Amino acid sequence: MKQSITLGSVTKFIGLAGFLETIKNVFTGKLDKEDLKNIFRKVIMPLASVLLFFAVWYLGANKLHEIEADHLINKALVEQGPAEAEKLRACIASGDKSCQPNALPSPVQVWGAYQTLLADHYLISADKKAFIEKTAAINEKRIANGEKPITYTGRPSFVDQIFTSIITVFAGFLLALFIAVPIGIVIGLSPTLRSSVNWLIQIFKPVSPVVWFLLVFMIVKTFTKNSSSDSAFIICFISVGLCSMWATLVNTAMGVSSVDKDYINVAKVLKLGPMQKVFKVILPSSLPLIFTGLRITLSVAWMVLIAIELLAQSPGLGLFVWEEFQNGANDSNSKIIAAMFVIGLIGFMLDRIMLTIQKMVSFNKND
Amino acid sequence: MAYLELNNIYKTYGQGDNITEVLSNINLTIEEGEFVAIVGFTGSGKTTLVNLINGLLEPTKGEVLFKGEPVIGTSHERGVIFQNYSLLPWLTVGQNVYMAVKEAFPKKSKSDLQAIVAEYVDMVNLTPAINKRPKELSGGMRQRVSVARALAMKPEMIIMDEPLGALDALTRGNLQDEILRIWGKDKRTALLITNDVDEGIYMADRIIPLRPGPRATLGPEFKIDIERPRDKTALNDNPNFKKTRNAIIEYLMDIGNERKSQIQKEYALPDVAPKSFVW
Ligand SMILES: Nc1ncnc2c1ncn2[C@@H]1O[C@H](COP(=O)(O)OP(=O)(O)OP(=O)(O)O)[C@@H](O)[C@H]1O
Ligand SMILES: [Mg+2]
């Protein structure tokens, strides 16, 4: 199933195909009534909704800013007298960063924060590179002597945090895959087992990520007592995996237990052995459902990851958001919102990747 | 000892209040090398009967003996062409056939197996589509894959459940001849389920009608005393053919009418008229 990656498949992948196709028609002059309707639906309306979103955000942020400012000035008036209040008003109006009230940041501020984060990242990367170059010679010697090399221990940048989060979510996702798919298959194959563990699945499925984290913490704590390994990361990805695996478990069990009777009859007539029956008939026929489950698992994993990183104090976007919130610097709120968009976009990309894989393995639908 | 023997077979579906007896007191013997056709109305239990013989179903009462042994489960000795094709949708045409051939001849080398696959796919004229998946095929093409898969396993007994129903007259004729050729080559035994009396007469030694269900039983058998190889075009002028054909069709029409009158008795509509269309 080789397929060259063309612009078309990429735009289709991110769901923009209709949009671009319609725009192309506008420029090539191929327009009829149907196209006008399409332009309205696929170009004008989405753009309008984006504009509307930013307008509402901008106006809302301004209004909230105003309310906060009035509140601060009134407070200054009561506590420090009219002179101080007037000074504060002037300061806020001048746009000085040091005296801005702490409210919902506007789109402009968030964009600014995003640029700051990127600049910060370049700075840290340069610093890291310099450090590695500087220590290269020393490290070689240390390794030769059987000592541990010196590693960079500076603050991670925002981009580093993103990659840490993605690594954690993949670790959790793989854990979920390796637990849920085999168990799902076994449960799916045996009605007895299915009914005997059903209660367990039903009870654990709705448990909140916070509780999973605490449970994993209780257990992992004991195991990592005497080791110096990074227990925060371990706890984090195990909790993510356990919390998100249920969709895959349930879907796999369902797929395996509801294989079309015709396929089972084929397996019987060909006299496939039990293993072959599972691997050549049951699994292929339940692959589409298994992948639907995995897609849900990945999006749940990404969603709960942020909360669990925050609780586990494990590096990543969750910790970044939490630290910015605790930090309370004047651009912290903007950085949090910038992180929110990054989190959303990455979640969207992950879902699209899974959707593409899911489409590849589904044999029922014509695409 | 007969090759295949069905003794007082009863088959019911469901339990309790929903129980329906589909087949009732079925007795049938097929000798080795015979070609037997069963004709019947839709829903009368033909597929059920086939599945009892190939071992996918167990009779509620009675016994199915194959070469003197009770049938327990399926066997490679009895090949099946399923009515609903039952192809595995994630495999290509070639892979579907290959999987069956590999199970039937586990000791053969890969290239030998592939040669068999190519031979049978070619026999059903699907070589150009050998790398396509079932969803890309028409109904008739799928049916042909199903025929190729069953025959490629070279079973001793070929059990066919309306194997050619979705094909046009020409393809149908060709495949009928292929099936007859394969059946005749090593003197295999064949059971054909069909709803086409002409097809039955052209191919079979005996035609047995299955009476409409529920509680379907087998009707009297009609022997086809026409010499093989049979010629389709000459068949129409054969007095024997005409006589047998008329007898079978008359019998089927009689039981059809019987069923109609029964249905009328059982499901007479109450004499009511709607009071009003407003609700
Ligand atoms: N698994 C089942 N459970 C309950 N009833 C069944 C089952 N399979 C078949 N039946 C019933 O048994 C009867 C006979 O079914 P069967 O499929 O054998 O008919 P058929 O003669 O092959 O019909 P057709 O010509 O349409 O293929 C039907 O009334 C059907 O509703
Ligand atoms: Mg049938």
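Between chain B and chain A, 6 residue pairs are in polar contact, with both residues of each pair at pLDDT 80 or more. The structure is a predicted model, and the values reported here are computed from it. No salt bridge is part of this interface: the count across chain B and chain A is 0. On the side of chain B that touches chain A, helix H2 (residues 93-104) of chain B gives the most, with 4 residues. By residue class, that side of chain B comprises 10 nonpolar, 5 polar and 4 charged residues.

The contact as a whole draws 19 residues from chain B and 17 residues from chain A. The two chains bury an area of about 1,900 Å² between them, and carbon and sulfur atoms give 64% of this area. Within chain B, the residues that lose the most area to chain A are Trp90(B), Glu103(B) and Lys135(B), which together make up 31% of what that side buries.

Within chain A, the packing of two helices was examined. Helix H6 (residues 158-189) of chain A and helix H7 (residues 191-204) of chain A have axes that come within 6 Å and cross at roughly 125°. Because of this crossing angle, H6(A) is classed as oblique to H7(A). The contact is formed by Val186(A), Ile187(A), Gly188(A) and Leu189(A) on the H6(A) side. These residues meet Pro191(A), Leu193(A), Arg194(A), Val197(A) and Ile201(A) in H7(A). The residues of this helix contact divide into 7 nonpolar, 1 polar and 1 charged.

Although the interface of chain B and chain A has 0 salt bridges, a search of the whole structure finds 19 over all chains. One salt bridge in chain A joins the side chains of Asp120(A) and Arg155(A), with an N to O distance of 3.2 Å. This pair links distant parts of the chain, its members being 35 residues apart. Asp120(A) lies in helix H5 (residues 107-144) of chain A, whereas Arg155(A) lies in the loop between H5 and H6 of chain A.

Two backbone features were noted in loops of chain B. The peptide bond from Arg228(B) to Pro229(B) is cis, and its omega is near -5°. Pro229(B) is located in the loop between strand S10 (222-223) and helix H7 (232-235) of chain B. Tyr85(B), a residue other than glycine, has a positive phi, near 65°. The loop that holds Tyr85(B) runs between strand S6 (78-81) and H2 of chain B; H2 is also the helix that gives the most residues to the side of chain B touching chain A.

Key: Residues numbered from 1 in each chain as written. Chains lettered and ligands numbered in written order. Predicted model: local features only at pLDDT ≥ 70, side-chain atom pairs only at ≥ 80, totals over all residues. Heavy atoms only, no water. Contact = heavy atoms within 4.5 Å. Buried area = accessible area lost by both parts, 1.4 Å probe. Salt bridge = Lys/Arg side-chain N within 4 Å of Asp/Glu carboxyl O. Polar contact = N/O pair within 3.5 Å; in protein donor to acceptor, adjacent residues only side chain to side chain. Nonpolar A, V, L, I, M, F, W, Y, C, P; charged D, E, K, R; others polar. Axes fitted to C-alpha atoms, helices over the stretch in contact; angles between N-to-C directions. Parallel < 35°, antiparallel > 145°, perpendicular 65-115°, else oblique.
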